[in-house]
Amino acid sequence: MNTKYVVINPDGTYAGVLCDSYDEAKELAAQKKAAIESEEFEKAAELRDSEETLRKKLEELKKLSKQNLLGKLAEYIGLENPPVRIESYDISNTAGDNNVGAMVVFENGRPLKSAYKKFNIKNVFGQDDYACMQEVLRRRFARYEQEKDSGRGFGKLPDLIFVDGGQTHVSAV
């Protein structure tokens, strides 16, 4: 069985099996009920055992808090502490025109939408993602120098930066 969907109660508790579609999840739950009602106990037991295994896996996933995940990320990439502020950057354009950069921010593992920023590229013309990324990061950290005493907004340094692209993008900045 390919596992993609699960039936969850409105209160967030586990209610059904993982499967390819929500309809299939409902159908399998109905099959289990029908097997019990028709006294096909072996089939019902198989479905019950599958559900129990999947329920346990879901419970394990629920226990992994964002802080635990950030701790694992820090360990994996060699940071001393879990990152509190993460900034991620990407460049976009329309056929080489209208270059823009985007910055999204996460604090304590949660999106901080009030800190998202769109940078209109001012000094790069045509499609040059590397130069655009350099401009965006140069402007972002210039703003840090102006606002660092405030400790808010651009006055905060990120603990971790993600740059969309490959090694060449990272090397360019």
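Trainee: Is Ala-142 buried, exposed or partly exposed?

Mentor: Let's take the general idea, then the case. A residue counts as partly exposed when its relative accessible area falls between under 20%, which is buried, and over 50%, which is exposed. In this predicted model, Ala-142 has a relative accessible area of 36%, so it is partly exposed.

Trainee: Where does Ala-142 lie, and how far apart are the C-alpha atoms of Ala-142 and Phe-154?

Mentor: Ala-142 sits in helix α4. Phe-154 is twelve residues away along the chain, and the two C-alpha atoms are separated by 9.1 Å.

Trainee: Which elements give two or more residues to the largest nonpolar core?

Mentor: A nonpolar core joins buried residues through side-chain atoms within 4.5 Å. Here the largest one has 15 residues, and those touching the most other members are Tyr-89, Met-103, Phe-119, Met-133 and Val-136. Two or more residues come from each of β1 (85-94), β2 (97-107) and α4 (129-147). Helix α4 gives the most, with five residues.

Trainee: Which residues does Met-133 touch, leaving aside those up to four places away in sequence?

Mentor: Met-133 touches Tyr-89, Asp-90 and Ile-91, and also Val-163, Asp-164 and Val-173.

Trainee: What is the average pLDDT of the protein, and which elements have the lowest and highest mean values?

Mentor: The average is 79, and 74% of the residues score at least 70. Among the elements, helix α2 (residues 41-63) has the lowest mean, 69, while strand β4 (residues 117-120) has the highest, 94. Look also at residues 1-12: their pLDDT is below 50, and the stretch has 35 contacts in the model beyond near neighbours in sequence.

Key:
Residues numbered from 1 in each chain as written. Predicted model: local features only at pLDDT ≥ 70, side-chain atom pairs only at ≥ 80, totals over all residues. Heavy atoms only, no water. Buried < 20%, exposed > 50% of the residue type's maximum accessible area, 1.4 Å probe, protein only. Helix = DSSP H or I, 4+ residues; strand = E, 2+ residues; numbered from the N terminus. Contact = heavy atoms within 4.5 Å. pLDDT = per-residue confidence, 0-100.
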